[in-house]
Amino acid sequence: MQQPLAHVDEWDDFVATRYRQDKLEEEFRNYKEDANPTVTEFYRQNHAHQTLDFVLAKEAEYGALTRGKKSIWEMADYLNTLVDDSDPDTDLTQIEHLLQTSEAIRRDGNPRWFVLAGFVHDLGKVLCLYGEPQWAVVGDTFPVGCAYSDQIVFPEFFEANPDSKVRDYQTEYGIYEPHCGLDKVHLSWGHDEYIYRATRDYLPEPAQYMLRYHSFYAAHRHGAYRRLMNAHDEEMFEWVRKFNPYDLYSKGRERPNWKEIKPYYEDLVAEFFPAEMAW
Ligand SMILES: [Fe+2]
Ligand SMILES: [Fe+2]
């Protein structure tokens, strides 16, 4: 199965089920019951192929943002071409997930940059449209180049990762120094890092953290990898944790009335982003 998921949002749905709000702490550990065979196969591929070398190559390929200049709106329209052909009944587009997230943030009276972070947080999924395999676009992110935490889902699948046989990558700190700070740590490649890179010059730091680490569940949900975090990361992760419920639990709420909210978002995007930016 080359692309096991019918749509990359199947991964998001699995994560939302895994952290369902009425679930008890010990039920989290039974996540395998919530994973269908395609989600399981997706993690098998993700854990087998996300090596340090792969991540460094993708950081070099996309990190310098040399794929041309586009506005946020062009990018959102582009992402919307990523449709879910498995389910013709739900025409809930990518932009609607973004708007449901950002509208929930706005409803709670949060600052404008926070609303904006919600609105752009998954734009990095355009990596799919660039031809990246699903396992290099979505999935819980994790550090490469050091020992894998058992707080990552399906840790047994790391057995198939070539890095698991490299002794220098499997010590507690691996290629990193204690509390070196997450900025020095290479996380598995995906849509988080890409949207962070594209927007970091324009957003305040808490928003940058929200975008960059929103899929780093082992850290923001389970407290793993604190040995690599510095005091500043710890402080900023409060924001990452504040963001997460809006991402997970705003799905399926009433559909945003685009006509009504459009002027607000046009102002918001223009306030922070230039007309065109590098991607
Ligand atoms: Fe995401
Ligand atoms: Fe999301």
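**Figure 1. Donor residues of the iron ion (ligand 1) follow the sequence spacing D-x68-H-x22-H.** The model shown here is predicted. Let us start with the residues that hold this metal. D122 (OD), H191 (NE2) and H214 (NE2) coordinate the iron ion (ligand 1), at 2.1 to 2.2 Å. H191 sits in helix 7 (residues 191-199), while H214 belongs to the loop between helix 8 (205-213) and helix 9 (217-220), so this pair ties together parts that are 23 residues apart in sequence. Is the pair H191 and H214 buried or exposed? Both H191 and H214 are buried.

**Figure 2. D122 is a bridge between the iron ion (ligand 1) and the iron ion (ligand 2).** How far apart do the bridged iron ions lie? The distance between the iron ion (ligand 1) and the iron ion (ligand 2) is 3.7 Å. Look for D122 in the donor lists of both ions: D122 (OD) is among the donors of the iron ion (ligand 1), and D122 (OD) is also among those of the iron ion (ligand 2). D122 has 1% relative accessibility; because buried means under 20%, D122 counts as buried.

**Figure 3. The iron ion (ligand 2) has four donor atoms in an irregular arrangement.** Which protein donors can you find around the iron ion (ligand 2)? They are H97 (NE2), H121 (NE2), D122 (OD) and D247 (OD), and they lie 2.1 to 2.3 Å from the ion. The angles that these four donor atoms subtend run from 87 to 175 degrees, which makes the arrangement irregular. Along the sequence, the donor residues of the iron ion (ligand 2) are spaced H-x23-H-D-x124-D. Distant parts of the chain are linked by D122, in the loop between helix 6 (112-120) and helix 7, and D247, in helix 10 (residues 231-249), with their positions 125 residues apart. With a relative accessibility of 7%, D247 counts as buried.

**Figure 4. Helix 5 is largely enclosed by the rest of the structure.** Follow helix 5 (residues 94-107) from end to end. Its 14 residues, at 1.5 Å a residue, should span 20 Å, and the end C-alpha atoms are 20 Å apart, which agrees. Why is helix 5 described as largely enclosed? The reason is that 12 of its 14 residues are buried, so the rest of the structure largely encloses it. The buried residues of helix 5 include I95, L98, L99 and I105, and H97 is another of them. You have already met H97 as a donor to the iron ion (ligand 2).

**Figure 5. The largest cavity holds about 110 Å³ of space.** A search of the whole structure finds three cavities of 30 Å³ or more. Which helix gives the most to the lining of the largest cavity? Helix 1 does, with five residues. Helix 1 (9-18) and helix 10 each supply at least two residues of this lining. Among the lining residues are W11, D12, D13, V15 and A16, along with H97, H214 and D247. By class, the lining divides into five nonpolar, three polar and four charged residues.

**Figure 6. The second largest pocket contains about 260 Å³ of space.** Its lining includes R18, Y19, E25, F28 and R29. Further along the chain, D150, Q151, I152, V153 and H222 also line this pocket. How many residues of each class are in the lining of the second largest pocket? There are five nonpolar, two polar and five charged residues.

Note on methods: Residues numbered from 1 in each chain as written. Chains lettered and ligands numbered in written order. Predicted model: local features only at pLDDT ≥ 70, side-chain atom pairs only at ≥ 80, totals over all residues. Heavy atoms only, no water. 1 Å grid on protein atoms, 1.4 Å probe; cavity = no way out; pocket = protein on both sides within 12 Å on 5 of 7 lines; lining within 4 Å. Points joined across faces, edges and corners; volume = space filled by probe spheres on them. Nonpolar A, V, L, I, M, F, W, Y, C, P; charged D, E, K, R; others polar. Donors = N, O, S within 2.8 Å, 3.2 Å for Na, K, Ca; no water. Helix = DSSP H or I, 4+ residues; strand = E, 2+ residues; numbered from the N terminus. Buried < 20%, exposed > 50% of the residue type's maximum accessible area, 1.4 Å probe, protein only. Tetrahedral: all angles 85-135°; square planar, octahedral: opposite > 155°, others 65-115°. Expected span 1.5 Å × (residues − 1).
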